[in-house]
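Visitor: I would like a close look at one part of this model. Please take the charged side-chain pairs, and then place them against the rest of the fold.

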Amino acid sequence: FWWQPASGEVRLVTTERIGDEITVGQTTADLPYGLSVRELEVLTQLAGGLTNLQIGRRLSISPKTVAKHVEHTLAKLDAASRTEAAVRATRVGLVLLSSARPPPPK
């Protein structure tokens, strides 16, 4: 999966099972399919089932801008639909894990 720490660069996080243990590694890497970081952010939200309006609100961009990112992402993934792109992204681990922490309990 992909992770974006507060520093902004995107890191590829991998896991490997060795016997009874799991090792976790991370490295900076170019995003596959020529995706930009913003397109990965949009694809991640899209894979979560959000609409353009909801994605725009979460990313503080307009729904029209989201639509353009979706259009570019579909083309880069050679996907015919949002659903196909979401399924592919989920299957190959092309989602961005949030570094956001949940709000503290009240």
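Visitor: Arg88 and Glu84 both sit in helix H4 (residues 82-91); how many residues apart are they, and by about what part of the helix are they separated?

Guide: The model is a predicted one. Arg88 and Glu84 are four residues apart in helix H4, so they are separated by about one helical turn. Their side chains meet in a salt bridge, with 2.9 Å from N to O. In general, side chains of opposite charge can pair when their charged atoms come close. Neither end of this pair falls under the 20% cut-off for a buried residue: Arg88 has a relative accessible area of 23% and is partly exposed, and Glu84, at 29%, is also partly exposed.

The salt bridge in helix H4 is one of four in the structure. Another belongs to helix H1 (residues 37-47), where Glu41 and Arg38 lie three residues apart, about one turn of the helix. The closest N and O atoms of Glu41 and Arg38 are 2.9 Å apart. Here the two partners fall into separate accessibility classes. Glu41 has a relative accessible area of 16% and is therefore buried, since buried means under 20%. Arg38, at 29% relative accessibility, counts as partly exposed. The pair in H1 thus joins a buried acidic residue to a partly exposed basic one.

Helix H3 (residues 63-77) carries a further pair, Glu71 and Lys68, again three residues apart and about one turn of the helix. Their side chains meet in a salt bridge at 3.5 Å, N to O. Both ends are partly exposed: Glu71 has a relative accessible area of 45%, and Lys68 has 44%.

As for the rest of the fold, the model also contains an open sheet of four strands, in the order S3-S2-S1-S4, with mixed pairing. Strand S3 (21-28) and strand S4 (96-97) are the edge strands, each pairing on one side only. Strand S1 (residues 2-3) runs parallel to S4, and two bridges join them. Within that pairing, Trp3 stands opposite Leu97 in S4.

To return to the part you asked about, the Arg88 and Glu84 salt bridge lies within helix H4, across about one helical turn, and its two residues are partly exposed, at 23% for Arg88 and 29% for Glu84.

Notes: Residues are numbered from 1 along each chain as its sequence is written. This is a predicted model: local features need pLDDT of at least 70, side-chain atom pairs count only at pLDDT 80 or more; totals for chains, interfaces and linings use all residues. Side-chain values use heavy atoms; hydrogens and water are left out. Buried means under 20% relative accessible area, exposed over 50%, partly exposed in between (1.4 Å probe, protein chains only). Two strands pair if DSSP finds at least two bridges between them.
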